[in-house]
Amino acid sequence: MTSGYARYLAAKTTVDDRALNRHVLAELRRLMPAGAPRVLEVGAGLGTMVARLMDWGVVGSGEYVLLDTDRQLLDDSRQWLRAWAAARGLRSDLLPDGLQAGDLRVRLVHAELGSYLETARGAPADVLIANAVLDLVDVPAVLPGLLRLLPPGGVYWFTINYDGESIFEPGHPHDDQVMRAYHRDMDERVRYGRPAGDSRTGRRLFHHLRAAGAPALAAGSSDWVVSAGPDGNYPDDEAYFLGSILSTIRDALRSRPDRVEPADLADWLAVRGRQLAAGELVYIAHQLDFAGRTRLAPGRQVRLGGAVKTLR
Ligand SMILES: C[S@@+](CC[C@H](N)C(=O)[O-])C[C@H]1O[C@@H](n2cnc3c(N)ncnc32)[C@H](O)[C@@H]1O
């Protein structure tokens with residue numbers, strides 16, 4: 001693995017495993033098209049979700065596209081997925097544009113999501129996935145184009161959407177000041193020349209999905225909850241994950257003395273860093289998951305969990 005960000009995404013895997021909402025996941029399983037569906041995951045990063053969905057028996061054959069704007073991460077994903085497959089005794093073969101993992105063809109697409117949708121290069125997909133991504137884009141601008149990649153009745157699963165609440169324990173006098181400033185930074189962020197984030201993406205997705213003609217069929221919380229075990233050690237690589245969260249807050253706020261007093265930020269980071277090293281830091285981030293499908297014309301038949309039903 002070549003970058004610190006790739007290690008962060010790998011470390012996030014166990015945190016997401018616990019957090020992903022099982023009720024919403026059950027809805028995805030129910031909606032999942034039979035056969036060999038085409039899945040498009042946007043902002044897929046290292047590809048940890050395709051590995052998880054194969055491990056959990058949600059996908060196994062067909063095509064799974066990992067789209068990301070970070071070419072280095074996509075390059076890393078080939079090696080990360082090869083190592084994951086090898087650890088499971090699953091045959092994998094590198095291909096010019098991705099890899100074959102068992103019966104699943106994984107394709108890597110290097111693109112920025114907004115321009116991918118605007119330039120109409122978007123290949124159709126049966127299932128859309130976005131994990132920890134929609135809070136990094138301008139959802140009202142992106143969602144209609146994204147959903148247009150689906151056929152009528154196509155399925156989406158949008159998970160780990162941040163929803164405006166981060167809790168660090170034990171409490172610190174500067175918590176409110178720091179988190180208020182961090183949320184403001186999220187709300188005003190511009191990346192790739194576009195608005196890139198909303199600290200309340202989770203709750204707003206109910207409305208955005210409805211407005212885009214694809215109201216959620218299932219929704220539920222997917223909070224990250226990270227704490228050390230009884231021995232004072234964080235599980236797996238989750239101490240690194242927590243350190244990355246603190247670094248992200250530092251990097252967002254250290255050039256904003258107008259929002260947080262530099263001395264207050266330095267004190268907050270120093271205390272949080274010591275608590276992390278001592279295994280005392282607890283971190284909770286509130287997030288929401290959604291599953292649903294685009295509209296089908298009445299009278300159309302759909303396959304739902306193996307049964308064929310007529311829509312009314
Ligand atoms: C927080 S990471 C999540 C990665 C992966 N979904 C996961 O959960 O491990 C967000 C990812 O979205 C990608 N990303 C952010 N904005 C994007 C955009 N506008 N177009 C395409 N990818 C984007 C980043 O490069 C990064 O890999």
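A polar backbone atom of Gly 43 lies 2.7 Å from a nitrogen atom of the ligand in this predicted model, a polar contact being a pair of N or O atoms within 3.5 Å (within protein, one must be able to donate a hydrogen and the other to accept it, and residues adjacent in sequence count only if both atoms are side-chain atoms). A nitrogen atom of the ligand is also found 2.8 Å from a backbone N or O atom of Leu 113. The side chain of Asp 68 takes part as well, with an N or O atom 2.6 Å from an oxygen atom of the ligand. The ligand taken alone exposes 600 Å², and the protein buries 93% of that; accessible areas come from the Shrake-Rupley method with a 1.4 Å probe, and for residues only the protein chains shown count as cover.

The shell around the ligand holds 20 residues, of which Lys 12, Gly 43, Asp 68, Glu 112 and Asn 131 come nearest; a residue is near a molecule or strand if one of its heavy atoms lies within 4 Å of it. By character, the shell divides into 10 nonpolar, five polar and five charged residues. Here Ala, Val, Leu, Ile, Met, Phe, Trp, Tyr, Cys and Pro count as nonpolar, Asp, Glu, Lys and Arg as charged, and the others, Gly among them, as polar. Helix α1 (residues 4-19) gives the most to this shell, with three residues; helices (H or I, at least four residues) and strands (E, at least two) are DSSP runs, numbered from the N terminus.

Residues are numbered from 1 along each chain as its sequence is written. As the model is predicted, local features need pLDDT of at least 70 and side-chain atom pairs count only at pLDDT 80 or more, while totals for chains, interfaces and linings use all residues; side-chain values use heavy atoms, with hydrogens and water left out.

Turning to the interior, the largest nonpolar core has 69 residues, and Tyr 64, Trp 157, Trp 224 and Phe 241 touch the most other members. Such a core is a set of buried Ala, Val, Leu, Ile, Met, Phe, Trp, Tyr and Cys residues joined through side-chain atoms within 4.5 Å, where buried means under 20% relative accessible area, exposed over 50%, and partly exposed in between (1.4 Å probe, protein chains only). Helix α9 (residues 238-253) supplies the largest share of this core, seven residues. Beyond its neighbours within four places in sequence, Trp 224 has contacts (heavy atoms within 4.5 Å) that include Tyr 8, Lys 12, Ile 160, Phe 241 and Tyr 283. A second, separate core of 29 residues includes Leu 128, Val 142, Leu 146 and Leu 205. Val 142 and Leu 146 are also among the buried residues of helix α6 (residues 139-148), whose cover includes β1 (38-42), α5 (113-118) and α8 (201-211).

Some individual residues also deserve a look. Glu 238, in helix α9, is buried with a relative accessible area of 0%. Leaving out residues up to four places away in sequence, Glu 238 touches Ala 11, Thr 14, Val 15, Arg 18 and Val 226. Ile 160 in strand β7 has a positive phi, near 50°, and counts as buried at 1% relative accessibility. Asp 236 also has a positive phi, near 45°, but is exposed, with a relative accessible area of 64%; Asp 236 sits in the loop between β11 (224-226) and α9. The peptide bond from Glu 169 to Pro 170 is cis, with omega near -5°, and Pro 170 lies in the loop between β7 and α7 (175-188).
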